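The exercises below go through one protein chain. Each has a task sentence followed by a solution in steps.

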Amino acid sequence: MTRPTPLSGFPEWLPGQQIVEQRFVERLRSVFELHGFAPVETRAVEPLDQLLRKGETSKEVYVLRRLQATPEDTSDEQLGLHFDLTVPFARYVLEHAGKLQFPFRRYQIQKVWRGESPQAGRYREFRQADIDIVDRDEVGLHYDYELPLVAAEALAGLPIPPVVIHTSNRKLAQGFYRGLGVEDPAAVLRIVDKLDKIGPDKVVAALVAEGLSDGQAKACLSLAEVVTPDASFVERVAALGVSDPLLDEGLAELATVLSAASELAPGLLVADLSIARGLDYYTGTVYEGKMRGFEKSGAVCAGGRYDNLASTGTDRFPGVGISIGVSRILGLLFGSGALSASRPVPTCVLVALPDEARRRECDRIAVALRARGIPVEVAPTAAKYGKQIRYADRRGIPFVWFPGEEAGAGEVKDIRSGDQAPADPATWVPPAEDLHPTLG
RNA sequence: GUGGCUGUAGCUCAGUUGGCAGAGCACCGGGUUGUGGUCCCGGGUGUCGGGGGUUCAAAUCCCCUCAGUCACCCCA
């Protein structure tokens with residue numbers, strides 16, 4: 001048996017990192033629930049036609065197939081692993097609409113799969129944390145600022161660099177391009193989106209190469225260069241002299257979002273009219289959150305409004321949502337050594353074992369401590385005390401408990417300070433910050 | 001999916017025109033029959049990412065492949 005090698009794009013964390021991820025997810029969940037979002041989990045697979053209902057995402061989807069399937073057997077052939085949590089949620093809403101109350105707010109924290117080529121912070125299997133609100137027929141515009149603010153609040157409570165959510169509106173851009181007489185708005189969006197990467201001159205050149213006139217290209221660039229912390233982008237766009245009803249609609253929507261956000265949580269959202277990307281089901285507001293110091297590594301959260309994702313012939317459930325890239329954030333910060341747990345094991349106390357014959361006595365000490373919620377393990381062997389202390393030290397376990405010569409007369413040592421004092425397993429408590437591993 | 005760079009011990013890396021696989025840190029044992037970290041002594045712990053080829057001889061040259069990374073594409 002040769003040693004297994006990693007699988008490209010399928011990261012696995014070490015225990016210390018897994019502890020970080022769990023703390024991280026717990027934090028997100030608690031903030032989501034604080035805002036009244038209900039938990040949902042969907043199956044890992046969806047019918048392929050559900051996944052591909054919108055846009056050209058087929059190349060990203062992993063398809064499921066039974067190993068023993070005969071060529072004639074196509075029963076599973078239509079299943080694919082979900083590549084995000086929004087499409088499965090839209091399906092879930094339609095399927096359970098009769099049992100849900102609208103507007104429906106849910107959070108969903110699960111892994112998703114995409115057949116992309118991996119890079120730093122970019123995986124084929126990764127965890128996302130989504131919040132979405134859907135409603136029947138119409139979903140209120142106020143949700144367009146509520147959701148990014150909840151996501152920002154959840155992230156702000158974690159020991160990570162600040163995240164700023166860049167916000168734009170698909171209608172605004174599309175209306176602008178239409179008013180300008182541009183033929184292929186999608187191509188323009190793709191080019192304009194690279195502004196921060198390739199710079200204004202190359203953007204104009206690429207737009208001209210796409211068939212735009214010099215004037216059109218410069219107008220598109222001017223729009224993309226608009227970045228404001230509040231609703232003042234409206235005047236900036238108006239000054240560009242393009243008029244179109246869809247543009248006006250987009251401007252009004254984005255203005256509502258930005259004026260609310262700049263008042264409720266200054267600095268978390270910026271209007272950035274170069275933001276164009278994201279999955280193709282977005283129809284209005286779009287978000288792209290960037291983490292300070294990691295702007296080049298792409299968005300750490302993203303989302304937007306989707307008016308047409310969930311609809312049967314008669315019912316329509318528009319929604320707005322945002323997705324936090326848990327694996328990406330963790331991968332980037334682990335890679336730069338900027339995030340770790342205070343210790344790679346949950347254990348708070350190691351009960352030292354003086355003699356194998358006294359193991360039962362040590363077990364009783366452990367039981368007494370655990371009964372009060374203190375994570376404890378008993379030393380694996382009756383090695384020299386020096387080795388047992390080192391066992392704890394290597395794992396970052398802060399306390400070693402030494403049983404006394406007589407039952408109940410033990411001592412506990414803080415191995416960081418070396419302080420050691422008599423203690424009773426029935427009453428001793430560690431400092432609150434040592435009870436469980438913390439993020440740092 | 002396309003292209004560039006990289007891959008040697010747990011980690012960071014050295015390894016000459018092809019000639020016995022190395023260093024620092026980490027780790028293990030002992031000094032120290034029972035309270036660690038310092039210090040001293042001892043130990044290399046390795047399919048040189050994997051497979052194939054050239055050669056008397058390959059970590060070194062060639063081909064393929066896997067992984068990491070960067071750019072593109074796309075995106076969390």
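**Exercise 1. Strand 11 and its neighbours**

Task: Find which residue is the bridge partner of Cys301 in strand 11, and describe how strand 11 is paired and covered.

Solution.
Step 1. The bridge partner of Cys301 is Ile324, a residue of strand 11.
Step 2. Cys301 belongs to strand 10, residues 301-311, and this strand pairs with strand 11 in the antiparallel sense over 8 bridges. The model in which these pairs are found is predicted.
Step 3. Strand 10 and strand 11 are joined by a hairpin through 4 residues.
Step 4. Strand 11 is also joined to strand 5, by 7 bridges, and these two strands run antiparallel. Within strand 11, Ser323 is the residue opposite Asp130.
Step 5. Of the 10 residues of strand 11, 9 are buried, and the strand is mostly covered.
Step 6. Helix 12 (residues 326-335) lies across strand 5, strand 9 and strand 11, and runs at about 15° to strand 11.

**Exercise 2. The sheet as a whole**

Task: State in what order the strands of the open sheet stand, and which strands stand at its edges.

Solution.
Step 1. The open sheet is formed by 9 strands in the order 1-4-5-11-10-9-6-8-7, with mixed pairing.
Step 2. The edges are strand 1 and strand 7 (227-228); each has a single partner strand, so one side of each lacks a neighbour in the sheet.
Step 3. Strand 4 (residues 104-113) and strand 5 (residues 125-134) run antiparallel and are joined by 10 bridges. In this pair, Gln110 has Gln128 of strand 5 as its bridge partner.
Step 4. Strand 6 has two kinds of pairing. Strand 6 and strand 9 run antiparallel, joined by 7 bridges, while strand 6 and strand 8 (residues 269-272) run parallel, joined by 3 bridges.
Step 5. Single residues mark these pairings: Asn169 has Thr285 of strand 9 as its bridge partner, and Ile165 is opposite Leu269 of strand 8.

**Exercise 3. Thr167 in strand 6**

Task: Decide whether Thr167 is buried or exposed, and list what Thr167 is in contact with.

Solution.
Step 1. Thr167 lies in strand 6. Of the 7 residues of this strand, 6 are buried, so strand 6 is largely enclosed by the rest of the structure.
Step 2. The relative accessible area of Thr167 is 0%. A residue counts as buried under 20%, so Thr167 is buried.
Step 3. Leaving aside neighbours within four places in sequence, the contacts of Thr167 include Leu254, Val257 and Leu258, as well as Val270, Asp272, Val286 and Tyr287.
Step 4. The side chain of Thr167 also reaches the backbone oxygen of Ile165, at 3.4 Å.
Step 5. Lys111 is 56 residues from Thr167 in sequence, and the two are 25 Å apart in space, C-alpha to C-alpha.

**Exercise 4. Helix 5**

Task: Say which residues of helix 5 are buried, what covers them, and what caps the N-terminal end of the helix.

Solution.
Step 1. Helix 5 spans residues 170-180, and its buried residues are Arg170, Lys171, Leu172, Ala173, Gly175, Phe176 and Tyr177.
Step 2. The cover over these buried residues includes strand 6, strand 9, helix 6 (185-192), helix 9 (214-224), helix 10 (233-238) and helix 11 (245-264).
Step 3. The N-terminal end is capped by Asn169, with a side-chain oxygen 2.8 Å from the backbone nitrogen of Lys171.
Step 4. After helix 5 comes Gly181, with a positive phi near 85°.

**Exercise 5. The nonpolar cores**

Task: Name the residues of the largest nonpolar core that touch the most other members.

Solution.
Step 1. This core has 78 residues, and those that touch the most other members are Phe32, Ile160, Tyr177 and Ile324.
Step 2. Helix 4 (residues 143-156) gives the largest share of this core, 8 residues.
Step 3. Not counting residues up to four places away in sequence, Ile160 touches Phe24, Leu155, Met291, Ile329, Leu333 and Leu339.
Step 4. Another core, of 25 residues, lies apart from this one; Val345, Ala366, Ile374 and Phe402 are among its members.

**Exercise 6. Confidence**

Task: State which element of chain A has the lowest mean pLDDT.

Solution.
Step 1. Chain A has a mean pLDDT of 90, and 95% of its residues reach 70 or more.
Step 2. Among its elements, helix 7 (residues 195-198) has the lowest mean, 82, and strand 1 (residues 38-39) the highest, 98.

Technical notes. Residues numbered from 1 in each chain as written. Chains lettered and ligands numbered in written order. Predicted model: local features only at pLDDT ≥ 70, side-chain atom pairs only at ≥ 80, totals over all residues. Heavy atoms only, no water. Buried < 20%, exposed > 50% of the residue type's maximum accessible area, 1.4 Å probe, protein only. Contact = heavy atoms within 4.5 Å. Polar contact = N/O pair within 3.5 Å; in protein donor to acceptor, adjacent residues only side chain to side chain. pLDDT = per-residue confidence, 0-100. Pairing = 2+ DSSP bridges. Axes fitted to C-alpha atoms, helices over the stretch in contact; angles between N-to-C directions. Core = buried A, V, L, I, M, F, W, Y, C linked by side-chain atoms within 4.5 Å.
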